[in-house]
Amino acid sequence: MAFESESVSFTDLSRNPKAVAARAVALGCLRVTHRDAPDMVLTTAMYAERAEENLTTASRLFLALLKQDDGAKSLLLALPEVFPWVRHLDAGEVREFTVELLEALSDAAELGAREAVHRAIVSWRATARINADPDQLREAVRPLGDVDLGPVEVHE
């Protein structure tokens, strides 16, 4: 959901909720800042439902394009415009990122798993950052030898 640049403080909301609510309705959504907590967004149910519908539509469209040869090719060609750092990924990594990103968009749209998209982008951007720095890349692919990193916890 894109946030309007306008905001009100939490104090404004608590002092004059009707006026703040009316402003949120007029704008579609309104950021509520809070000094001691994360900002919130006040919106109407219809605005939120439209945002969900838009995400679902875009997600399904991109997944459908990925299944078409020309569509997949177009997505791969467009990716550097959206994410310039993909130039530091090899062709296989770009394809993996594309699939993971579109699956994450689908998960966000269909399951409400909103962090999935952010996690995919941040993870692949970190990979690109390492690939872009020869020293980091050398260190990342260096064999560990007999180093014991301890037990690994698996969370399901």
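Contact here means heavy atoms within 4.5 Å. The model is predicted.

**Helices H3 and H4**

By that contact criterion, Phe-62, Leu-65 and Leu-66 of H3 meet Gly-71, Ala-72 and Leu-75 of H4. Two packed helices are described by the angle between their axes and the distance between the axes. For helix H3 (residues 45-66) and helix H4 (residues 69-82), the packing angle is about 115° and the axes are 6 Å apart. H3 is therefore roughly perpendicular to H4.

**Leu-79**

Helix H4 also holds Leu-79. Is Leu-79 buried or exposed? Its relative accessible area is 8%. The cut-off for buried is under 20%, so Leu-79 counts as buried. Which residues does Leu-79 touch, leaving aside its neighbours within four places in sequence? Val-86, Val-94, Phe-97 and Thr-98 are in contact with Leu-79. Leu-102 is 23 residues from Leu-79 along the chain. The C-alpha atoms of these two leucines are separated by 12 Å.

**The sheet**

Three strands form an open sheet. Their order is S1-S2-S3, and the pairing is mixed. Strand S1 (7-9) and S3 are the edge strands, each pairing on one side only. Neighbouring strands are turned by 35° against each other on average, direction ignored.

S1 and S2 pair in the parallel sense, over three bridges. Strand S2 (residues 29-33) and strand S3 (residues 40-43) run antiparallel, joined by four bridges. S2 and S3 form a hairpin, with six residues between them.

Individual pairings across the sheet are set out here.

| Residue | Partner | Partner strand |
|---|---|---|
| Ser-7 | Arg-31 | S2 |
| Ser-9 | Thr-33 | S2 |
| Arg-31 | Val-41 | S3 |
| Val-32 | Met-40 | S3 |

Arg-31 appears twice in the table. Ser-7 stands opposite Arg-31 in S2, and Val-41 is the bridge partner of Arg-31 in S3.

Which helix lies across S1, S2 and S3? That is helix H2 (residues 17-27), which runs at about 135° to S2.

**Helix H6**

Helix H6 (residues 115-132) has 18 residues. At 1.5 Å a residue, H6 should span 26 Å. The C-alpha atoms at its ends are 26 Å apart, so the expected span and the model agree.

Which residues of H6 are buried? They are Ala-116, Val-117, Ala-120, Ile-121, Trp-124 and Ala-128. Seen down the axis of H6, these buried residues fall within an arc of 130°, so they line one face of the helix. The spacing fits a general rule. An α-helix has 3.6 residues a turn, so residues three or four places apart point the same way.

What covers the buried residues of H6? The cover includes helix H5 (91-111). The face of H6 turned away from its buried side carries Glu-115, Arg-119 and Arg-129, which are exposed.

Definitions and conventions: Residues numbered from 1 in each chain as written. Predicted model: local features only at pLDDT ≥ 70, side-chain atom pairs only at ≥ 80, totals over all residues. Heavy atoms only, no water. Pairing = 2+ DSSP bridges. Helix = DSSP H or I, 4+ residues; strand = E, 2+ residues; numbered from the N terminus. Expected span 1.5 Å × (residues − 1). Buried < 20%, exposed > 50% of the residue type's maximum accessible area, 1.4 Å probe, protein only. Arc of directions from axis to C-beta. Axes fitted to C-alpha atoms, helices over the stretch in contact; angles between N-to-C directions. Parallel < 35°, antiparallel > 145°, perpendicular 65-115°, else oblique.
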